[in-house]
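Trainee: I'd like to learn how to read a model like this one. Can we go through it feature by feature?

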2 protein chains.
Amino acid sequence: MAEKITTRAADYSQWYLDIVNRAEMAENSAVRGCMVIKPHGYAIWEKMQRALDRLFKDTGHVNAYFPLFIPKSFLAREEEMAAGFAKECAVVTHYRLKAGPGGKGIIVDPEAKLEEELIIRPTSETIIWNTYKSWIQSYRDLPLLINQWCNVVRWEMRTRLFLRTAEFLWQEGHTAHATQKEAEEEAHKMLDVYRIFAEDWMAMPVLTGRKSEGQKFPGAVYTLCIEGLMQDRKALQAGTSHFLGQNFAKAFDVQFQNQEGKLEYPWATSWGVSTRLVGGLIMTHSDDQGLVLPPRLAPIHAVIVPIYRKSEEKAAVLAAAEKLAAAIRDLPLREWLNYEPVSVKVDDRDQYQPGFKFNEWELKGVPVRIELGPKDLEKNACVLARRDLPGKEAKEMGVPLDAAPSRIGVILKEMQSALFTKALQFREANTREVNSYDDFKKQIEEPGGFLLAHWDGTRESEDQISAETKATIRCIPFNRKKEAGKCIISGKPSEGRVVFAKAY
Amino acid sequence: MAEKITTRAADYSQWYLDIVNRAEMAENSAVRGCMVIKPHGYAIWEKMQRALDRLFKDTGHVNAYFPLFIPKSFLAREEEMAAGFAKECAVVTHYRLKAGPGGKGIIVDPEAKLEEELIIRPTSETIIWNTYKSWIQSYRDLPLLINQWCNVVRWEMRTRLFLRTAEFLWQEGHTAHATQKEAEEEAHKMLDVYRIFAEDWMAMPVLTGRKSEGQKFPGAVYTLCIEGLMQDRKALQAGTSHFLGQNFAKAFDVQFQNQEGKLEYPWATSWGVSTRLVGGLIMTHSDDQGLVLPPRLAPIHAVIVPIYRKSEEKAAVLAAAEKLAAAIRDLPLREWLNYEPVSVKVDDRDQYQPGFKFNEWELKGVPVRIELGPKDLEKNACVLARRDLPGKEAKEMGVPLDAAPSRIGVILKEMQSALFTKALQFREANTREVNSYDDFKKQIEEPGGFLLAHWDGTRESEDQISAETKATIRCIPFNRKKEAGKCIISGKPSEGRVVFAKAY
């Protein structure tokens, strides 16, 4: 076996990278800041996509695809957006290569320079609203409820696998509405879709709320967000939903005729989640032994490790393993798993010992391990081990083979909800009210977590706290109590507490 | 209603563009050569992706994701590939924008020039084989069976929606094997997966065979292909599978230790299909009234058009329509539809008349239309209309409501196979042997189609025929008869006929 994973207690950042590496989730590529998403990591992203896509479609959205390239001038049309993204844009300037001097190597053909440079999309509001101009003429064309799954590029200087990469995969919803009210409802509805996905699929509790001015999306009127708390007590912004007002409609001159025949600008939202969620999933549940995955997003739900020494034992054990696997695949969990099959693997690799296999599947986060050997077979039974429980607690011995499939179905559901409960308890234990700036500065360092504190609502106070403590306002929570207080830094009056944390 | 679709007889190219436009499949974007795939077009591509992805996974493949960017020097490492793609590469040279002089507009920041230019992937062999270098050390790491769904860019000068665009969506499989035999088997196996998909899902018959040297993929030892015949008797290359030999392993210095402990270069394949298939689907089945879609790839399987004049009729008709829709959704077709739900729409839009709705759904290719009015309701019946049949033949009157769902299930399956049969008959009627070059030149112009002719196997003859007639060798079919003959242009001996056609 390779070297051990760094423990979370010893070095959380290194633990994270060890998990990503050892569980074969992703790796850095030859291109600065871009990652290769390896099959095990990609399979989790695919599960996330499927579940989210179903939620989007169930709320009336359809998918489409817009170009990778954005003419440079489009970006300039919405000022805040241009300012927000200009510093991290990959720019295409030429469209041809040719043989180098003397036939050596290849060079960019200077004659193939584009008249206007193209930006690789960092987000697609501009190209999409330019397209909407011809799609929206009448109130009958509204609402337009469109989503796109794609890659985007933001030239980040400090990258970290999944959490922050120059290229990442995401979805971006872009909707247009006849009224402000409807657009604002849409922004809230989609945030709630994200909350439901985070809780019910990722088993990751999230706070919901509104971003402060300092943290909102460039080009938005306001930004709503879901925020998770990782095991190192740092926050992760896991999804955002923006009310864009009429900013992009005006920037791209999109107008529609309302029921009274008058021209109006439509109202917009956009919302997105990305492969960053895979990083959030890892940091919410995994442990020092490896990945822990909520069953609804696990690429493999159960693995059967057959145990045998003599070759005459092998045939009988493998036959029983295959029979058991077939019965597990037939479990009535299709709906719970978004109409994906229950995935069961019989690990019949001859070149590895059972102990090696146990470690590997533990590392990769398979929720249920099934051990099956000649002695079990004599008793028509098997051993089950649940990934998220410690030591002996994880094991169920002597489970009758005919009862094992339904027991596994129960375990999968129990584990899904246990992971959520555990993460919720962790968050609650690490969410505290603080009432002085001294206390704030101490607690934000150790133990960290979500700190609920009064803030006067100004950009100035927000920036000062952030500069001095590296903590940011994660959100103004939807469910905050009305409570008069004093801003921890300015002493000015505040209407209620906001959530601070250090964040990824 | 908008103007009529150009008929196929009048102008096939314009008919195609009319269909793409009027059925809201795609449109040109503001970026030269790049298309916007509209929701109805994208929904078909999604269905294709799902079906293909299942076929890939059932043959042991897993998905992963590699960077959009390829360092320029990587492309140079495999000479044929560099020569084949250099002329159509989009090149990223800078990574930042900044405010223009005097704060006006935004410009490319000249200080943010990349040390090495990055190419937007036109295909990913190079970046993937560079990655495989660290993934492949031992025979135990093989085979590596990986697929990627992504966008690619080839800077095409003459583009046509779906068929040829600068950016397109595709999948690319990249596999590595310990032996030549296994890699060649893989290349053939994946071509067969494409054939199965084309026939069973797209209802599009395809020829299978090997490309001539003049038509193979740059960097391949040989290329296998599936070729469809469109209604204008031109060929469409619908998918390719390449045996790459050890070319990329050598270019990127990837070696593995075999069972005897010796270092060897692994053997490679790659294979891909793209959004071009959507164009092929349109051109295979659609008619002068609009899109015709094989039910297994139709985003909407059945539409119910409620008919009523008085408002007191409306409630009863709509209630019956919803009840019928629910029963159709419950049809046991999940497996046939790749575990996607049966999709039924009740078109209850008040602002449109039934006749308008009939036209719209016909245009969009919904396989089954259900008409339901007060008179039908009195008889507890409805009217069914099947999209691919002409005039009165399409209609089934007085179908009892409780029998309608199962009847629709039967119609969907019958239509799927009828479309295939019709397309196959068309291809057979348009595949002919020709024995002289004069005859070839005449027939390739009128009526066109697949011409089976003798060829001496040389690049010279192939190029001359292509230059003089614009016909190319589509493939050397797997199932060709051994038949001695003389090359139609050189008169030299030939072992059997190859397939010529004009092609998209």
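Trainee: Let's start with a single residue. Where in chain B is B:P447 found?

Mentor: Before anything else, keep in mind that this is a predicted model. B:P447 sits in the loop that runs between helix 13 (437-445) and strand 23 (450-454) of chain B.

Trainee: And what is the peptide bond from B:E446 to B:P447, cis or trans?

Mentor: General idea to begin with: most peptide bonds are trans. Here, the bond joining B:E446 to B:P447 is cis, with omega near 15 degrees. Chain A gives you another case, where the bond from A:L142 to A:P143 is cis with omega near -5 degrees. You'll find A:P143 in the loop between helix 5 and strand 9 (144-153) of chain A.

Trainee: What about phi? Which sign does A:N380 have?

Mentor: Most residues other than glycine have a negative phi. A:N380 isn't a glycine, yet its phi is positive, about 55 degrees. Look for A:N380 in the loop between helix 11 (374-378) and strand 20 (381-386) of chain A. B:A203 is a further example, with a positive phi near 55 degrees in a residue other than glycine. That residue belongs to the loop between helix 6 (180-200) and strand 11 (207-210) of chain B.

Trainee: Now the pair of chains. How is chain B laid on chain A?

Mentor: Two copies of a chain are related by a rotation about an axis and a shift along it. In this model, a turn of 180 degrees with a shift of 0.0 Å along the axis lays chain B on chain A, at an RMSD of 0.0 Å. That is the relation of a two-fold axis. To find the axis in chain B, go to B:V92, whose C-alpha is the nearest one, 2.1 Å away from the axis. Both copies use the same surface, with 100% of the contact residues of chain B recurring in chain A.

Trainee: How many residues does the contact take from each chain?

Mentor: Chain B gives 69 residues and chain A gives 69 residues. Between them the chains bury about 5600 Å², with 67% of that on carbon and sulfur atoms. There's charge pairing too: four salt bridges turn up across the interface of chain B and chain A. As for a bridge with partners in both chains, A:R54 and B:E340 have side chains that meet at 3.8 Å, N to O.

Trainee: How many salt bridges are there over all chains?

Mentor: A search of the whole structure gives 71. Take the one between the side chains of A:K133 and A:D253, at 3.4 Å, N to O. It links distant parts of the chain, 120 residues apart: A:K133 is in helix 5 (residues 125-135) of chain A, while A:D253 is in the loop between helix 7 (247-251) and strand 14 (256-257) of chain A.

Trainee: Last one: how do I read a pair of helices? At what angle do helix 2 and helix 8 of chain B cross?

Mentor: Start with the axes. Those of helix 2 (residues 39-58) and helix 8 (residues 276-285) of chain B come within 10 Å and cross at roughly 105 degrees. That makes helix 2 of chain B roughly perpendicular to helix 8 of chain B. Then check the side chains: B:I44, B:W45 and B:M48 of helix 2 meet B:L277, B:V278 and B:L281 of helix 8 in chain B. The residues of this contact divide into six nonpolar, no polar and no charged.

Methods: Residues numbered from 1 in each chain as written. Chains lettered and ligands numbered in written order. Predicted model: local features only at pLDDT ≥ 70, side-chain atom pairs only at ≥ 80, totals over all residues. Heavy atoms only, no water. Least-squares fit on C-alpha atoms with pLDDT ≥ 70 in both. Contact = heavy atoms within 4.5 Å. Axes fitted to C-alpha atoms, helices over the stretch in contact; angles between N-to-C directions. Helix = DSSP H or I, 4+ residues; strand = E, 2+ residues; numbered from the N terminus. Parallel < 35°, antiparallel > 145°, perpendicular 65-115°, else oblique. Nonpolar A, V, L, I, M, F, W, Y, C, P; charged D, E, K, R; others polar. Buried area = accessible area lost by both parts, 1.4 Å probe.
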